[in-house]
Amino acid sequence: MSSLVQVGVTALISGTLSTQPTGMESLASAGDTVQGLAGASVSPWNSRGLSARGTAAASVSFTGGSFATTGVPNWITAYNNSCEGNRKPNVVVTTWDIFGFYENKLVQFERYAAPAKMGDASFQMLQFRTAPVLPSPNVTSGVTLFLNTNAVYFVFLGGADFQPQDWKHATNQETQNSELVLKGNTYCEDRRLINKIISQTA
């Protein structure tokens, strides 16, 4: 089961295959067509990246650079660009390397958080503004995601939400197997509420 969960988490964050849900890294984009909706013609269907608000979708830049020189300022810009009114990112997901870069920046004034909604596993968690920063091995190298989990959903196809199939005998074995059917996709109500930075280095 753990390998199944790992595959699922990887797909939800960085999935790009046609048989996988649309990954968060693909959803946080601009000027492209995702899930049949073109960002070039629907302005709310574009993340703002590191560009100024109002930048044409085709010109939005998500490219970071050296975390030592531009890391935290870029995070501030990406976070602010994900805010609409009182709606703002409530989780930041990044790689272990970038997590370390951020932690090193905070050595003198470390900000740790233990959000009430997360299990207490007796360890501290870094925080950026009000959002916990979570390192994940499933994030593509150089990427940080700024997500609003109230704007992103996984929608199941009716009758395919881990629906067990009939039990069948395995070939040449005294066992029976039942497949679980899962069909669905990630859904974002407004890509302005999610964002990303790519190509971050030390």
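In this predicted model, S41 lies in the loop between β2 (37-38) and α3. With a relative accessible area of 61%, S41 is exposed, because exposed residues are those over 50%. Its C-alpha atom is separated by 9.0 Å from that of A57, a residue 16 positions away along the chain.

**Loop residues with positive phi**

Most residues other than glycine have a negative phi. Q35 has a phi near 55 degrees, a positive value in a residue other than glycine. Q35 is found in the loop between β1 (33-34) and β2. Its relative accessible area of 39% makes Q35 partly exposed. N172 is likewise a residue other than glycine with a positive phi, here near 60 degrees. The loop that holds N172 runs between β9 (168-169) and β10 (176-177). N172 counts as exposed, at 80% relative accessibility.

**Aromatic pairs and the aromatic cluster**

A search of the whole structure finds eleven aromatic pairs. One of these joins Y79 and F128; the ring centres are 5.8 Å apart and the planes stand at 70 degrees, so the pair is edge-to-face. Y79 belongs to helix α3 (residues 67-80) and F128 to strand β5 (residues 125-128), so this pair links distant parts of the chain, 49 residues apart. Both Y79 and F128 are buried.

F128 also pairs with Y102 in an edge-to-face arrangement, at 5.9 Å centre to centre and 70 degrees between the planes. Because Y102 lies in helix α4 (residues 96-105) and F128 in strand β5, this pair ties together parts that are 26 residues apart in sequence. Y102 is buried, with a relative accessible area of 2%, and F128 counts as buried at 5% relative accessibility.

The two pairs are set out below.

| Pair | Centre-to-centre distance | Angle between planes | Geometry |
|---|---|---|---|
| Y79 and F128 | 5.8 Å | 70 degrees | edge-to-face |
| Y102 and F128 | 5.9 Å | 70 degrees | edge-to-face |

Y79, Y102 and F128 belong to one aromatic cluster, which also includes F67, W75, F101 and F146. A further ring, that of F62, has K196 lying over its face, at 5.4 Å from the ring centre.

**Nonpolar cores**

In soluble globular proteins, nonpolar side chains tend to be buried together. The largest nonpolar core in this model has 17 residues, and those with the most contacts inside it are W75, Y102, V133 and F146. The elements that give two or more residues to this core are α3, α4, β5 and β6 (131-135). Helix α3 supplies the largest share, four residues.

What does V133 contact, leaving aside its neighbours within four places in sequence? V133 is in contact with W75, V92, T94, F99, Y102, M125, L126, Q127 and F128. Apart from the largest core lies another core, of 15 residues, among them M24, L27, V34 and V93.

**Strand β7 and its partners**

In a regular strand the side chains alternate between the two faces of the sheet. Strand β7 (residues 144-147) shows T144 and F146 pointing one way and L145 and L147 the other way, and all are buried. F146, already named in the aromatic cluster, is also among the residues with the most contacts inside the largest core.

Strand β7 pairs with two strands described here. Strand β3 (residues 91-94) runs antiparallel to β7, and four bridges join them; within this pairing T94 stands opposite T144. Strand β12 (residues 195-197) also pairs with β7 in the antiparallel sense, over three bridges. The bridge partner of T144 in β12 is I197. T144 thus has T94 opposite it in one pairing and I197 as its partner in the other.

**T186 in strand β11**

T186 has its place in strand β11 (residues 180-188). Is T186 buried or exposed? At 4% relative accessibility it counts as buried, because the limit for burial is under 20%. A polar contact of 3.5 Å joins its side chain to that of N185. Not counting residues up to four places away in sequence, T186 touches L12, P21, T22, M24, L27, Q35, Y153 and F154. Of these residues, Q35 is the loop residue with a phi near 55 degrees, while M24 and L27 are members of the core of 15 residues.

Key: Residues are numbered from 1 along each chain as its sequence is written. Side-chain values use heavy atoms; hydrogens and water are left out. Rings of Phe, Tyr and Trp (its six-membered ring) pair if their centres lie within 6.5 Å; planes under 30 degrees apart count as stacked, over 60 as edge-to-face and the rest as tilted. Buried means under 20% relative accessible area, exposed over 50%, partly exposed in between (1.4 Å probe, protein chains only). A charge sits over a ring if NZ of Lys or CZ of Arg is within 6 Å of the ring centre and within 35 degrees of the ring normal. Two strands pair if DSSP finds at least two bridges between them. A polar contact is a pair of N or O atoms within 3.5 Å; within protein, one must be able to donate a hydrogen and the other to accept it, and residues adjacent in sequence count only if both atoms are side-chain atoms. Contact means heavy atoms within 4.5 Å. A nonpolar core is a set of buried Ala, Val, Leu, Ile, Met, Phe, Trp, Tyr and Cys residues joined through side-chain atoms within 4.5 Å.
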